[in-house]
Amino acid sequence: MSNSPSTVLTGIAELTTHDPERPVLSDAALVVEGSRVAWVGPTAEAPAADVRVDVGGRAVVPGFVDSHSHLVFAGDRAPEFAARMAGTPYAAGGIRTTVAATRAASDEQLTAHVARLVQEMRRQGTTTLEIKSGYGLSVHDEARSLAVARQFTEETTFLGAHVVPAEHADDPAAYVELVTGPMLEAAAPHARWVDAFCETGAFDVDQARAVLVAGAAHGLRGRLHASQLGPGPGVLLAAELGLAAVDHCTYLTDADVDALRDSGTVATLLPGVEFSTRQPYPDARRLLDAGIHVAIASDCNPGSSYTSSVPFCIALAVREMGMTPAEALHAATAGGARALGRDDVGHLTPGARADLVVLDAPSAVHLAYRPGVPLVVATLMGAEVVAG
Ligand code: NIG
Ligand code: FE
């Protein structure tokens, strides 16, 4: 037995564990020892613990795992959003507006802004978070973006291949050389992952491959933005390279779906983007019915999806993407964990990190049933209350 103090949460009306044997328990209790889950089961069988906390008939779910965000930026693009809602289509080129603002910001300003957004996320139940660079796009600005991100998460991603910045517009090949050379060299010590935006108007499949291969040579695992604005070759590339995840997946061919199924690569869906760009939502039903692993994430960024709210994304996924509430919650927790190659989060079974969310609702269905309502009463990370 461990000597760590133990706490038992009782009075859980519905506990989502994601244990394949018993994924949801009613009238449940959960014991935490140190920073880990030690026991889950019926309240009537709960073992004694040092501290007993009654959650008062509320639902408890695993903390959300937001596996895709771009939090290191300055400024916003509200005028661009307003223009879009008046009919102007979304274009990847808007990223350059944020690059200029980000380069002009100090490290302290960037850090303070990320801290504000991370706290916003904690209040909405996010306990594991991936953060990308991608608004610096110079050696110095990419490295410092990742150094800022590292203060908040281990799951940092080098996205020097976001768009070709204005000063390299005449010579994209030279920019790819920079990304795969000195920029990667400076970024790699601060990053776990490497990513590229494989899309018309950003990087083609050969450029994306070059970035992912160079990143792998520096010990970075790959993930990819693909098929956001139209069908393209990125999903097949992600499957071929066995990447952990390919993100967006809004426009998929049958060959893409077959490749995802065969590779086991997670398809990360980002419904905040379709909400904010007025594009068609991805078809999650098609993916789930094909046996593909699906994650849901916020893609929080100032251009295509300025929401920090996973509950909002869950509600969109249920309403617009053919998912059941249980499937959407799974995708936003266990799915995100798989997309990050993590087995310690995204579920509440013995041994997992005690990252959990108490909802002011009797069941997790309320996350989609009561869209826009702040249902998160408390967010715990490693058994510590971080919001609520
Ligand atoms: O994931 N797709 C590329 N990158 C972001 C958009 C960034 C922006 O518009 O600033 C995304 O949607
Ligand atoms: Fe993104």
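## Three parallel strands

Valine 246 stands opposite alanine 267 in strand 11. This pairing belongs to a predicted model. Strand 11 covers residues 266-269, and three bridges join strand 10 to it. The two strands run parallel. To get from strand 10 to strand 11, the chain crosses through helix 8, residues 254-263. This β-α-β crossover is right-handed.

Strand 10 (residues 245-248) also pairs with strand 9 (residues 221-226). Four bridges join them, and they too run parallel. Here histidine 225 faces aspartate 247 of strand 10. Helix 7 (residues 234-241) completes a right-handed β-α-β unit with strands 9 and 10.

## An annotated binding site

An unreviewed UniProt entry carries the annotation "binding site" for Tyr135, Asn301 and Gly303. These residues are spread over 169 residues of sequence. In space they cluster, with a largest C-alpha distance of 11.1 Å.

## A look at tyrosine 135

Tyrosine 135 sits in the loop between strand 6 (126-132) and helix 4 (139-150). Is tyrosine 135 buried or exposed? It is buried, because 32 other C-beta atoms lie within 10 Å and 20 are enough to count as buried. Beyond its neighbours within four places in sequence, tyrosine 135 has contacts that include His70, Phe73 and Thr98.

## A look at glycine 303

Glycine 303 lies in the loop between strand 12 (294-296) and helix 11 (310-320). Glycine 303 is buried, with 25 other C-beta atoms within 10 Å. Leaving aside neighbours within four places in sequence, glycine 303 touches Arg77, Glu80, Gly94, Ile95 and Thr98. Thr98 is thus in contact with both tyrosine 135 and glycine 303.

Methods
Residues are numbered from 1 along each chain as its sequence is written. Chains are lettered from A and ligands numbered from 1 in the order in which they are written. This is a predicted model: local features need pLDDT of at least 70, side-chain atom pairs count only at pLDDT 80 or more; totals for chains, interfaces and linings use all residues. UniProt positions are given in the numbering used here, feature names are shortened, and annotations may be inferred rather than shown by experiment. A residue is buried if 20 or more other C-beta atoms lie within 10 Å of its own, exposed if 12 or fewer, and partly exposed in between; C-beta atoms are placed from the backbone. Two residues are in contact if their C-beta atoms, placed from the backbone, lie within 7 Å. Two strands pair if DSSP finds at least two bridges between them. A crossover is right-handed if, with the strands pointing away from the viewer, the path from the first strand over the helix to the second runs clockwise.
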